[in-house]
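I opened my notebook for a friendly look through this one. My plan was to check some sheets and a helix, and to write down what I found.

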Amino acid sequence: MSTALEAHGLGKRFKRNWALKDCSLHVPAGRVAALVGPNGAGKSTLLNLAVGLLHPTEGELHVLGRSPYGDRDLLDRVGFVAQDTPLYPDFTVAELITMGARLSRRWDTPLARDRMERLGLPLDRRVETLSGGQRAQVALALALAKRPELLLLDEPVASLDPLARREFMQVLMGAVADGDTTVLLSSHLLGDLERVCDYLIVLQTAHVQLLGGVDELVSEHKALIGPRRQRADIAGVAAVIRESHTDKQTTLLVRTSGPIPDPAWTVHDVTLEDLVLAYLAQPAPGRPVLGVAK
Ligand SMILES: Nc1ncnc2c1ncn2[C@@H]1O[C@H](COP(=O)(O)OP(=O)(O)OP(=O)(O)O)[C@@H](O)[C@H]1O
């Protein structure tokens with residue numbers, strides 16, 4: 001399986017509002033993909049569609065080659081940590097593990113117990129007595145104990161302090177290091193994503209705005225700084241994504257089509273954060289910019 005998740009013309013409408021519209025995207029198998037976009041862009045909607053909690057209004061969505069809605073066998077192969085990591089507050093950690101074993105056919109109880117032990121979480125602790133960070137770690141451990149082929153995480157670290165976030169990310173990366181699990185992780189924390197993700201999907205007002213491998217996207221975008229000038233065709237530039245000016249200087253973030261031969265421009269590399277912020281600053285999403293997905 002070379003593609004873990006694939007959508008064509010996918011749309012989801014709530015009453016008169018489209019939460020997702022004309023979304024065509026794919027996540028190659030084995031990647032750790034970041035799903036980013038501003039509040040209300042449609043990230044949770046996409047993840048909920050991917051686990052069959054929502055039904056598409058239009059278009060197609062395939063998860064591990066199958067349609068997710070109502071497919072029990074498929075859901076056994078998918079792990080999901082929903083926003084705010086909901087867990088039954090009255091359950092103990094041990095009871096959650098028992099529940100997982102009853103509900104999931106691929107469940108790995110020793111793995112779940114081992115992870116709880118490593119997190120220093122006694123099995124008789126009730127969920128309601130756990131901190132937000134501990135709860136997030138428990139939710140991740142339960143999702144991993146399903147031994148999922150695809151792991152979907154909806155802002156799992158949003159409420160965690162920086163140390164807890166780093167621990168969460170380390171556990172996640174350790175668990176998927178073998179490359180057999182594809183991860184799709186939504187977050188607003190671009191710095192965290194830059195460290196762990198090798199694939200990027202940017203959603204903006206219900207549309208896919210940017211998609212591709214992180215290395216490829218970062219290398220095909222550059223920041224250009226030069227004397228102030230009006231925007232004009234620049235050799236080597238396929239598109240200007242963002243521009244700003246001072247009295248004397250113009251700064252552009254561009255998608256390149258080759259080297260920039262004009263020596264008036266100094267050319268700088270961009271970070272993933274620069275890239276995402278530049279695309280999100282664009283007024284209205286048009287057609288997605290496709291990076292090279294390998
Ligand atoms: N159940 C629902 N009923 C009505 N509208 C909804 C529902 N779920 C989501 N929406 C709307 O769909 C749009 C996309 O919401 P979604 O939760 O997918 O965004 P998001 O990118 O996950 O946002 P955030 O970063 O704030 O979590 C928003 O305008 C939201 O108000």
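**Notes on two sheets and a helix**

I began with strands β10 (residues 221-227) and β12 (residues 249-256), and I found seven bridges joining this antiparallel pair. One thing to keep in mind as I go: the model is predicted. Picking out one residue of the pair, I saw that L224 has L252 in β12 as its bridge partner.

Next I asked which helix packs on this sheet. I found α9 (residues 272-280), which touches β10, β11 and β12. I also looked up its direction, which makes about 85° with that of β11.

Then I stepped back to the sheet as a whole. Four strands make it up, in the order β11-β12-β10-β13, and I noted that the sheet is open and the pairing antiparallel. At its edges I found β11 (237-245) and β13 (266-269), each pairing on one side only. Ignoring direction, neighbouring strands here are turned by 30° against each other on average.

**The other sheet**

I moved on to a three-stranded sheet, also open, with the order β2-β1-β4 and antiparallel pairing. Why is one side of β2 and of β4 left without a neighbour in the sheet? My answer: β2 (17-28) and β4 (58-63) stand at the edges and have a single partner strand each, so one side of each has no neighbour there. The average turn between neighbouring strands of this sheet is 20°, direction ignored.

I then checked how β1 (residues 3-14) meets β4: five bridges join them, and the two run antiparallel. Within this pairing I located G11, which stands opposite E58 in β4.

**Helix α4**

Last, I went to α4 (residues 109-118) and asked which of its residues are buried. I listed A112, R115 and M116. They cover an arc of only 100° around the axis, which puts them on the same side of α4. That fits a rule I keep at hand: an α-helix has 3.6 residues a turn, so residues three or four places apart point the same way.

What do the buried residues of α4 pack against? I found two helices, α3 (93-103) and α5 (132-145). Turning to the other side of α4, I noted P110, E117 and R118 as exposed.

Before closing the notebook I looked just past the helix. There I came to G120, which follows α4 and has a positive phi, near 70°.

Note on methods:
Residues are numbered from 1 along each chain as its sequence is written. This is a predicted model: local features need pLDDT of at least 70, side-chain atom pairs count only at pLDDT 80 or more; totals for chains, interfaces and linings use all residues. Two strands pair if DSSP finds at least two bridges between them. Axes are lines fitted to C-alpha atoms, for helices over the stretch in contact, and angles run from 0 to 180 degrees between N-to-C directions. A residue is buried if 20 or more other C-beta atoms lie within 10 Å of its own, exposed if 12 or fewer, and partly exposed in between; C-beta atoms are placed from the backbone. The arc is that of the directions from the helix axis to the C-beta atoms. Two residues are in contact if their C-beta atoms, placed from the backbone, lie within 7 Å.
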